[in-house]
Amino acid sequence: MLDQRPQLSKPSRRLPNQRWQIHLQKIELAQKLADATNLSPIVSQLLINRGIETAEQAQAFLEPESLNLPSPLTEFPDLAVSVELLQEAIASQSKIAICGDYDADGMTSTALLLRSLRSLGAQVDYAIPSRMHEGYGINKRIVEEFHSEGVKLILTVDNGISAFEPISRAKELGLKVIITDHHDIPQKLPPADAILNPKLIAESSPYRGVAGVGVAYILAVSLAQKLDKTKGLIQPMLALFTLGTIADLAPLTGVNRRWVKRGLKLLPKSQLPGVQALIQVAGVQANNSKFKIQNSKLINDDSTPHSPLPTPKSLKPEDIGFRLGPRINAVGRIGDPLTVIELLTTDDEGMALERAMQCEQANTSRQQMCEEIEQQAIAYVESQFLSTLQQDRVLVIVQPGWHHGVIGIVASRLVERYGVPVFIGTYEDEEHIRGSARSIPEFHVFEALEYCHDLLGKYGGHKAAGGFSLPAQNLQELRSRLCEFANQCLELQHLKPLLNIDAQANFNQINQELYQQLNTLHPCGIDNPDPIFWTPNVQVVEQQIVGKGHIKVTLSQTINGQQYQFKAIAWRWRDYYPLPPKLDIAYKLRENNFNGNTNLELELLGVRLAQKQSAQLNQSQLFYSPSPKPLRTTFKHNQRQYTCGIYENNSLPELRIKNADGKVLVMQPGSTIGLLGTTREDALEIDLSLPQYDSIIQAAMQALSVLNVES
């Protein structure tokens with residue numbers, strides 16, 4: 001019953017409740033691009049999906065080092081002033097203080113500037129506000145503490161752009177202030193002596209997407225160049241830039257792509273003891289590739305000169321995103337950021353290993369907390385809100401005793417599970433609640449928080465995520481207001497997790513050569529996502545639960561009488577076990593290195609019942625079955641009226657669906673590409689597998705099937 005508490009050992013859904021959005025496949029353009037680059041048509045299609053359609057664009061993307069970058073001094077208006085202020089402070093030995101942040105971006109930024117400024121001769125210290133007691137950003141207490149310690153220049157990293165009152169207080173006390181930040185620009189800027197923020201520069205600038213650590217890196221390199229002391233400084237800073245940029249989910253485009261690509265090669269041989277210790281405790285293994293890009297074409301690089309010493313291999317973004325980054329972030333969430341700062345600034349190998357082990361322990365604790373809170377949240381949702389989820393269209397969950405540092409992670413997992421925006425909170429005391437929010441593409445978190453501003457204390461964020469606090473007495477009103485906002489912007493079809501799929505790949509196309517070509521797209525991340533493929537009609541051969549609720553499965557596909565098999569893993573899919581025997585699957589390709597053997601495996605992201613054959617059969621029965629009268633009917637879909645029918649075009653049957661505005665959607669049996677327009681001449685080609693078209697086609701087919709049976 002819906003009012004009973006669910007037993008978590010039993011599956012709550014047989015399959016993930018997803019909507020698949022498959023990119024329109026441009027076959028001719030993909031082949032043309034493949035010929036120009038020596039890449040396979042599949043990989044060329046991936047480039048097209050990322051807006052790259054010419055050989056010139058491909059070269060700029062595949063070879064980021066070939067781009068001529070403008071000087072940061074010409075892009076950031078206050079960079080020269082910032083360098084001059086730091087140069088003066090170093091020359092006069094005035095005390096400099098850094099105010100950082102407790103996430104991976106803020107901690108790597110702090111460590112980067114500490115190391116670089118100290119090596120350039122500065123007197124510099126730092127402070128990071130308490131996540132639990134003070135929250136994000138510089139505050140008056142920190143400013144006044146700096147002043148009492150004789151600080152003359154404050155340097156914020158990854159914060160400060162919205163700190164009008166604390167910066168005003170610093171100026172009252174006669175302190176110089178440089179703000180380095182990358183967050184959105186408020187209506188009123190703080191009265192700092194200099195502000196470095198990529199949101200203040202041209203949108204077309206290659207520096208536009210840098211995170212806080214990117215701004216810190218630009219400032220540190222510019223200062224070192226001005227002082228002519230770059231020797232031995234760039235590579236350590238690049239390592240920290242790479243860690244922070246990936247861990248903060250910054251877009252891997254522009255200079256981020258160029259510098260991260262360099263940094264991933266340098267990290268395994270980094271001279272920083274903290275980086276080496278972190279790699280060691282995380283058990284990261286670097287990968288190498290025999291392929292490289294030259295003149296925008298892929299070539300097999302088996303001719304590497306022999307060397308008496310093995311060359312350290314390059315890391316991949318997921319090594320940082322899933323292995324190194326979480327160990328840094330865990331400390332900021334539930335521990336003392338001092339641990340990470342010492343890890344990344346020490347030159348003592350013993351201390352580095354000790355701090356890395358503390359990061360490891362914090363991450364283990366963080367994982368356990370997340371697992372416990374996630375299971376408690378699921379039980380709470382499914383006992384209290386599941387029956388009204390489609391009406392509410394948002395989840396607002398608040399419980400006592402949850403750790404504020406990890407509830408944002410749990411919110412993300414609940415979004416994946418239920419496909420709705422999630423606002424999750426915990427009680428700071430009997431009268432106050434503090435929370436985090438995560439979203440789906442069609443719901444803007446910050447606008448939702450603004451819609452509820454009179455009910456909240458502090459709040460902030462952007463489209464996809466945010467944080468907030470409120471008096472506990474306002475909780476029910478907040479839930480009602482968020483439901484009201486969600487119903488204004490979300491339709492029922494939005495309430496499924498969205499899976500963006502790049503291309504179809506059959507098992508006979510998946511091999512080491514394809515995987516090595518995929519490496520040319522790296523580094524992958526935000527704005528350049530890891531490719532997602534789908535394969536129809538695969539057989540589940542074996543499956544079992546492993547680890548903490550993961551499904552390990554063997555899949556096969558038969559092509560022209562030959563069977564191809566791959567092993568796959570589905571993380572945290574305990575609730576969907578056992579999987580049905582026949583599936584369409586969506587996945588990423590992964591390389592498994594174990595005991596000296598290298599094999600390709602699939603990381604399952606989505607599954608659905610195999611539908612290609614049955615759908616084609618139903619279409620064929622409808623399109624080709626004889627009927628005593630033409631098939632024409634009307635139907636309703638999402639409260640709109642449509643007409644539809646089976647027509648002939650050059651002796652070929654086709655389905656036509658017409659709306660009240662006169663627009664017609666046309667599809668032919670077995671085709672994944674259709675037409676949409678008022679006339680055939682002006683019609684646009686569309687991908688019929690996209691949810692908005694697939695759902696209306698299924699509704700039309702159902703209406704015509706009923707008509708066909710009746711006739």
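This section describes strand pairing, helix packing and selected backbone features in a predicted model.

An open sheet of five strands is found in the model, with the strand order E3-E2-E4-E5-E6 and parallel pairing. The edge positions are taken by strand E3 (123-127) and strand E6 (194-196); each has a single partner strand, so one side of each is left without a neighbour in the sheet. On average, and with direction ignored, neighbouring strands of this sheet are turned by 20 degrees against each other. At the E6 edge, strand E5 (residues 176-180) runs parallel to E6 and is joined to it by three bridges. Within this pair, Thr180 is placed opposite Leu196 of E6.

Strand E2 (95-99) is followed by a loop that leads to helix H6 (104-119), and Asp101 is located in this loop. The relative accessible area of Asp101 is 3%, a value under the 20% cut-off, and Asp101 is therefore classed as buried. When neighbours within four places in sequence are left aside, the contacts of Asp101 comprise Gly106, Met107, Thr110, Ile128, Tyr136, Val157 and Asp158.

A second set of pairings involves strands E16 (533-546), E17 (550-559) and E18 (562-570). Strands E16 and E17 run antiparallel and are joined by seven bridges. One of the bridge partnerships links Glu542 with Thr554 in E17. The two strands form a hairpin with three residues between them, and Gly547 in the turn has a positive phi of about 55 degrees. E17 is also antiparallel to E18, with nine bridges joining the two. Here, Ile559 has Gln562 in E18 as its bridge partner. Of the 10 residues of E17, eight are buried, so this strand is largely enclosed by the rest of the structure.

The hairpin of E17 and E18 has two residues between its strands, and Asn560 takes a positive phi near 50 degrees there. Asn560 is not a glycine. With a relative accessible area of 81%, Asn560 is exposed. Most residues other than glycine have a negative phi, and most peptide bonds are trans. A positive phi, of about 55 degrees, is likewise found at Asp228, which is not a glycine. Asp228 lies in the loop between helix H9 (212-226) and helix H10 (234-247). The relative accessibility of Asp228 is 67%, and this residue therefore counts as exposed.

Two cis peptide bonds that precede proline may also be described. The bond from His522 to Pro523 is cis, with omega near 5 degrees. Pro523 belongs to the loop that connects helix H20 (512-518) and strand E16. The bond that joins Tyr577 and Pro578 is cis, with an omega of about -5 degrees. Pro578 is found in the loop between strand E18 and strand E19 (582-594).

Two packed helices are described by the angle between their axes and the distance between the axes. For helix H12 (residues 273-282) and helix H13 (residues 317-334), the angle is about 110 degrees and the axes are 9 Å apart. H12 is therefore roughly perpendicular to H13. The crossing in which H12 passes H13 is right-handed. At this contact, Leu278, Ile279 and Ala282 of H12 meet Arg323, Leu324, Arg327 and Ile328 of H13. Classified by residue type, the contact has five nonpolar, no polar and two charged residues.

How values were computed. Residues numbered from 1 in each chain as written. Predicted model: local features only at pLDDT ≥ 70, side-chain atom pairs only at ≥ 80, totals over all residues. Heavy atoms only, no water. Axes fitted to C-alpha atoms, helices over the stretch in contact; angles between N-to-C directions. Helix = DSSP H or I, 4+ residues; strand = E, 2+ residues; numbered from the N terminus. Parallel < 35°, antiparallel > 145°, perpendicular 65-115°, else oblique. Left-handed = near helix turned anticlockwise from the far one by under 90°. Contact = heavy atoms within 4.5 Å. Nonpolar A, V, L, I, M, F, W, Y, C, P; charged D, E, K, R; others polar. Pairing = 2+ DSSP bridges. Buried < 20%, exposed > 50% of the residue type's maximum accessible area, 1.4 Å probe, protein only.
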